[in-house]
Amino acid sequence: MPNDRCSQISKSRPGCSCESESVSIHSPGPVDNPEKVARLIYSPLHTDEKTGKVTEAAFSDAKDKGLSVQRMAHATNTRIRTIGENKLARDHAQGKTDREFLGIVTGGVDSIRGLTHGNSERAFCVYDSALPDVPSHADVCQTTASRSEMKRARKKLRDLFSYKPFMP
């Protein structure tokens with residue numbers, strides 16, 4: 001999976017036009033505005049050690065490779081928890097033993113799609129990106145703007161999600 005998938009999508013299909021399409025035969029369909037999505041949260045990567053609150057770092061993947069989220073309407077809480085635990089096991093197998101799966105934070109697709117840059121253009125697109133073993137997978141990709149605008153938009157994105165992770 002390329003580390004610049006979001007910019008590749010943006011160049012080939014500008015203006016979030018790919019949102020109306022499914023990208024996989026494993027997909028339940030394009031992501032709808034009323035849906036809720038869940039971001040898997042791991043410490044120490046995604047949280048402030050003192051407050052336990054989720055930091056902007058949990059959303060940094062949106063700027064390039066895609067922010068992986070789970071479509072809550074298409075996965076049970078048990079399935080989302082299993083996806084998180086499986087990723088943790090893969091991380092531990094790669095020597096990243098300091099990580100801990102803390103749970104999820106959730107946000108609304110309509111709110112994510114409603115965020116804009118200073119020029120009033122949409123700041124984020126939400127794409128169906130179902131995987132063979134994870135049909136509930138989607139990606140949040142940030143649209144291109146100045147570096148400072150993009151950083152401000154990611155802070156707004158973080159603010160749309162719940163502040164503290166919880167176990168589904």
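Which residue lies over the face of Tyr 42, and at what distance from the ring centre? Lys 87 does, at 5.3 Å from the ring centre. The legends below describe close-up views of a predicted model.

**View 1. Tyr 42 and Phe 101 form an aromatic pair.** The count of aromatic pairs comes to two. In this one, the ring centres of Tyr 42 and Phe 101 are 5.3 Å apart. Their planes meet at 40°, so the pair is tilted; the tilted class takes in angles that are neither under 30 degrees nor over 60. Tyr 42 belongs to strand β1 and Phe 101 to strand β3, so the pair ties together parts that are 59 residues apart in sequence. Both Tyr 42 and Phe 101 are buried. Lys 87 lies over the face of the Tyr 42 ring.

**View 2. Phe 59 and Phe 161 make a tilted aromatic pair.** Centre to centre, the rings of Phe 59 and Phe 161 are 5.0 Å apart. The angle between the planes is 50°. Phe 59 sits in the loop between β1 and β2, and Phe 161 in the segment after α4 (147–160), so this pair ties together parts that are 102 residues apart in sequence. Phe 59 is buried, and Phe 161 is buried too.

**View 3. Helix α2 spans residues 77–93.** The helix has 17 residues. From first C-alpha to last, α2 reaches 24 Å, close to the 24 Å expected at 1.5 Å a residue. Ile 80, Ile 83, Gly 84, Leu 88 and Asp 91 are buried in α2. They cover an arc of only 135° around the axis, which puts them on the same side of α2. An α-helix has 3.6 residues a turn, so residues three or four places apart point the same way. The buried residues of α2 pack against three strands: β1, β2 (67–71) and β3 (100–108). On the other side of the helix, Arg 90 and Ala 93 are exposed. Just after α2 comes Gly 95, with a positive phi of about 90°.

**View 4. Strand β4 is covered on both faces.** The strand runs over residues 124–128, and five of its five residues are buried. In a regular strand the side chains alternate between the two faces of the sheet. On one side of β4 are Phe 124, Val 126 and Asp 128. On the other are Cys 125 and Tyr 127. Strand β5 (residues 137–142) pairs with β4 in the antiparallel sense, over five bridges. Val 126 of β4 stands opposite Val 140 in β5.

**View 5. Thr 47 is buried in a loop.** The loop is the one between β1 and β2. Thr 47 counts as buried because its relative accessible area is 11%, and the cut-off is under 20%. Beyond residues up to four places away in sequence, Thr 47 touches Ile 41, Tyr 42, Gly 52, Lys 53, Val 54, Thr 55, Leu 102 and Pro 165. One of these contacts, Lys 53, lies over the face of Tyr 163, at 5.6 Å from the ring centre.

**View 6. Ser 17 is partly exposed.** Ser 17 is found in the loop between α1 (5–12) and β1 (36–43). Its relative accessible area is 28%. Asp 48 is 31 residues apart from Ser 17 along the chain, and their C-alpha atoms are separated by 35 Å.

Key:
Residues are numbered from 1 along each chain as its sequence is written. This is a predicted model: local features need pLDDT of at least 70, side-chain atom pairs count only at pLDDT 80 or more; totals for chains, interfaces and linings use all residues. Side-chain values use heavy atoms; hydrogens and water are left out. Helices (H or I, at least four residues) and strands (E, at least two) are DSSP runs, numbered from the N terminus. Buried means under 20% relative accessible area, exposed over 50%, partly exposed in between (1.4 Å probe, protein chains only). The expected span of a helix is 1.5 Å times one less than its number of residues. The arc is that of the directions from the helix axis to the C-beta atoms. Contact means heavy atoms within 4.5 Å. Two strands pair if DSSP finds at least two bridges between them. Rings of Phe, Tyr and Trp (its six-membered ring) pair if their centres lie within 6.5 Å; planes under 30 degrees apart count as stacked, over 60 as edge-to-face and the rest as tilted. A charge sits over a ring if NZ of Lys or CZ of Arg is within 6 Å of the ring centre and within 35 degrees of the ring normal.
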